[in-house]
Amino acid sequence: MKARFQLGAVLLAALVCRGQPAREQPVGLVLEAGGARLLRAGDELPLSARDGDVLYAGDTLRSGAQPAAFLFCPEKASRRLAPQTG
C-alpha cells in the first residue's frame with residue numbers, strides 16, 4: 001500500500017511538472033550593484049539591484065551614481081557600467 005502511494009505521488013508530480021514551461025536560463029549575475037536599477041523583462045517598475053541578482057534575457061541594468069559590474073555568462077566575461085552623470 002505504501003509503495004503504491006509513493007508511486008502514485010511520483011507519477012502525479014511527473015505529470016504536473018511536464019505541463020510546466022521550461023524555466024528561463026540565467027544569462028548574467030550582478031557583481032557590484034553600486035546603486036544600479038534593474039528592470040526585469042516585461043515589467044515597468046525598476047528595482048534596486050543588489051549584488052548577486054541573477055539576470056535573464058531581456059533584463060536591463062542601469063548604473064546609478066556609482067559604477068556597476070556584472071558577469072555576462074554567454075561570453076564568460078565581466079562588464080562594468082560607468083556611473084550616470086548629469
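1. In this predicted model, L38 stands opposite L61, a residue of strand β5. The pair belongs to the contact between strand β2, residues 37-39, and β5, where three bridges join the two strands in the antiparallel sense.

2. These two strands are part of an open sheet of three strands, whose order is β3-β2-β5 and whose pairing is antiparallel. Strands β3 (47-48) and β5 (60-62) each have a single partner strand and stand at the edges, so one side of each is left without a neighbour in the sheet.

3. A further open sheet comprises four strands in the order β4-β1-β6-β7, again with antiparallel pairing. Its edge strands are β4 (54-56) and β7 (77-81), each of which pairs on one side only. On average, and with direction ignored, neighbouring strands of this sheet are turned by 30° against each other.

4. Within the four-stranded sheet, strand β6, residues 68-72, runs antiparallel to β7 and is joined to β7 by five bridges. Here F72 stands opposite A77 of β7.

5. Which residues make up the largest nonpolar core? There are nine in all: V30, A33, A36, L38, A49, L55, L61, A68 and F70. L38 and L61 are thus found among the core residues as well as opposite each other in the pairing described in the opening point.

6. The surroundings of A68, one of the core residues, may be described further. Leaving aside neighbours within four places in sequence, A68 is in contact with E32, A33, A36, S63, R79, R80 and L81. Among these contacts, A33 and A36 are also listed in the largest nonpolar core.

Key
Residues numbered from 1 in each chain as written. Predicted model: local features only at pLDDT ≥ 70, side-chain atom pairs only at ≥ 80, totals over all residues. Heavy atoms only, no water. Pairing = 2+ DSSP bridges. Axes fitted to C-alpha atoms, helices over the stretch in contact; angles between N-to-C directions. Core = buried A, V, L, I, M, F, W, Y, C linked by side-chain atoms within 4.5 Å. Buried < 20%, exposed > 50% of the residue type's maximum accessible area, 1.4 Å probe, protein only. Contact = heavy atoms within 4.5 Å.
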